[in-house]
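Hi,

Here is the structure I promised to pass on. Have a look at it first, and my notes follow below.

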Amino acid sequence: MDLHILDHRLRVISISKNGLVHFTHPLIKLIFLRNRTRCKFFSLTETPENYTVVLDEEGFKELQPSEHLKEESSVWLPLNVVSNGNASSSSQAVGVTKIAKSVIAPLAQQHVSVFMLSTYQTDFILVREKDLSVVISTLEEEFNIYKEVGGESVPVLCQDVSNGLQKNGKEAIQPTVHPVLIPQNQFCVMSLDPDTLPSIATTLIDVLFYSNSPKEDAQSSPSQDLDCIKFFSFSLIDGYISLVMDTEAQRKFPADLLFTSSSGELWRMVRIGGQPLGFDECGIVAQISQPLADSDISAYYISTFSFDHALVPEEDIVSVIDMLQHQRKEPAAS
């Protein structure tokens, strides 16, 4: 398989719910006016706590410093796995499950923190720029590694970046098994032709910027597994649009413009973390992705500023809940 280090330098930021009004102007520009910005990588995800924005340096210039904006200090690089040009068959697991054993688990063992962003089209594994040499030395045996430079894919040789670096030989620390929440919403993973984006502009603006009523705000802290939670994700990356929303939000959009996989599958969410997770802990993604990979269960995975979110097929949610309960009972199991 091939691993591509994409030509984007990304920032991860959080915008508070009550501070969103200060950022609607630049966010509308980044979402709807591609010809007005040089931003090529943009993702906005709403959760009950805040809005998480992942964007490149050109997009980051559009946002003014504010008390309502929190910035993770690192520069992140997106990695993308390509299976030697072969499209995976519909019977194979999709999403983060495909890369759990080959990318996520080895990086966790080397104490490399990752930030995941699954989209309709692909999965991006974000790693800190400062960790790149460890990433390359860890994954070079499994992958042909390329770095995108000016639109060209250039092979990366380990000796180019290692400077005598040795892989971490220490035994990986057993990661914390974080509590999970299983909201009852059903979710859809969808896409949209960018040319039709103006056709849904008013609906998208409504859902992104005006969907919180005072009643919803009062209920925004989920306390039971049966609660529905607010979650909406929009990504515009290298010209491709990806949308993740629950079925209630989906009903607001014209059915003929949004498209999904031929199976029209519905997804359930596993929300990871009892308290905000932070960015330095390793193995959070592996906690979920490895058991799913062992069971060949598809999953999309979206990290946000405070919590992580895995989407699994609705028909598998009972199996996933049983698996996670077993994992919590035996935290020392490998």
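**What I found**

Let me start with Asp 131, which lies in the loop between S8 and helix H4 (132-139). Bear in mind that this is a predicted model. Is Asp 131 buried or exposed? Its relative accessible area is 13%, and the cut-off for buried is under 20%, so Asp 131 counts as buried. If you want a landmark for finding it, try Trp 76: the C-alpha atoms of the two residues are separated by 9.3 Å, although they sit 55 residues apart along the chain.

Trp 76 also turns up in an aromatic cluster, together with Phe 115, Phe 279 and Phe 305.

That brings me to the rings. The count of aromatic pairs comes to 9. One of them is Tyr 120 with Phe 259: the ring centres are 5.9 Å apart and the planes are at 80°, so this pair is edge-to-face. It links distant parts of the chain, with the two positions 139 residues apart. Tyr 120 is in the loop between strand S7 (114-118) and strand S8 (123-128), while Phe 259 is in the loop between helix H8 (247-250) and strand S15 (267-272). Both rings belong to partly exposed residues: the relative accessible area is 25% for Tyr 120 and 37% for Phe 259.

Phe 232 and Phe 253 make another pair, with centres 6.4 Å apart and planes at 15°, so this one is stacked. Phe 232 belongs to strand S13 (residues 232-237) and Phe 253 to the loop between H8 and S15, 21 residues apart. Both of these Phe residues are buried.

Two rings have a charge sitting over them. The charged end of Lys 17 is over the ring of Tyr 51, 5.6 Å from its centre. For Arg 271, the ring is that of Phe 307, and the distance from the charged end to the ring centre is 4.2 Å.

Next, strand S1 (residues 2-5). What covers its two faces is worth a look in the viewer: Asp 2 and His 4 are on one side, Leu 3 and Ile 5 on the other, and all are buried. In a regular strand, side chains alternate between the two faces of the sheet. S1 is joined by 4 bridges to strand S9 (residues 144-149), and these two run parallel. In that pairing, Ile 5 stands opposite Lys 147. Another 4 bridges join S1 to strand S6 (residues 76-82), this time antiparallel, with Leu 3 opposite Val 81.

Helix H9 (residues 284-294) is mostly covered too, with 9 of its 11 residues buried. Among them are Ile 284, Val 285, Gln 287, Ser 289 and Pro 291. After H9 comes Asp 296, which has a positive phi, near 55°.

Finally, the chain as a whole. There are 10 helices and 17 strands. Of the 334 residues, 53% are buried. Looking at contacts with a separation of 6 or more, 79% come from residues 24 or more positions apart. The accessible surface is about 16,000 Å², and carbon and sulfur atoms account for 47% of it.

Cheers

Notes. Residues are numbered from 1 along each chain as its sequence is written. This is a predicted model: local features need pLDDT of at least 70, side-chain atom pairs count only at pLDDT 80 or more; totals for chains, interfaces and linings use all residues. Side-chain values use heavy atoms; hydrogens and water are left out. Rings of Phe, Tyr and Trp (its six-membered ring) pair if their centres lie within 6.5 Å; planes under 30 degrees apart count as stacked, over 60 as edge-to-face and the rest as tilted. Buried means under 20% relative accessible area, exposed over 50%, partly exposed in between (1.4 Å probe, protein chains only). A charge sits over a ring if NZ of Lys or CZ of Arg is within 6 Å of the ring centre and within 35 degrees of the ring normal. Contact means heavy atoms within 4.5 Å. Accessible areas come from the Shrake-Rupley method with a 1.4 Å probe; for residues, only the protein chains shown count as cover. Two strands pair if DSSP finds at least two bridges between them.
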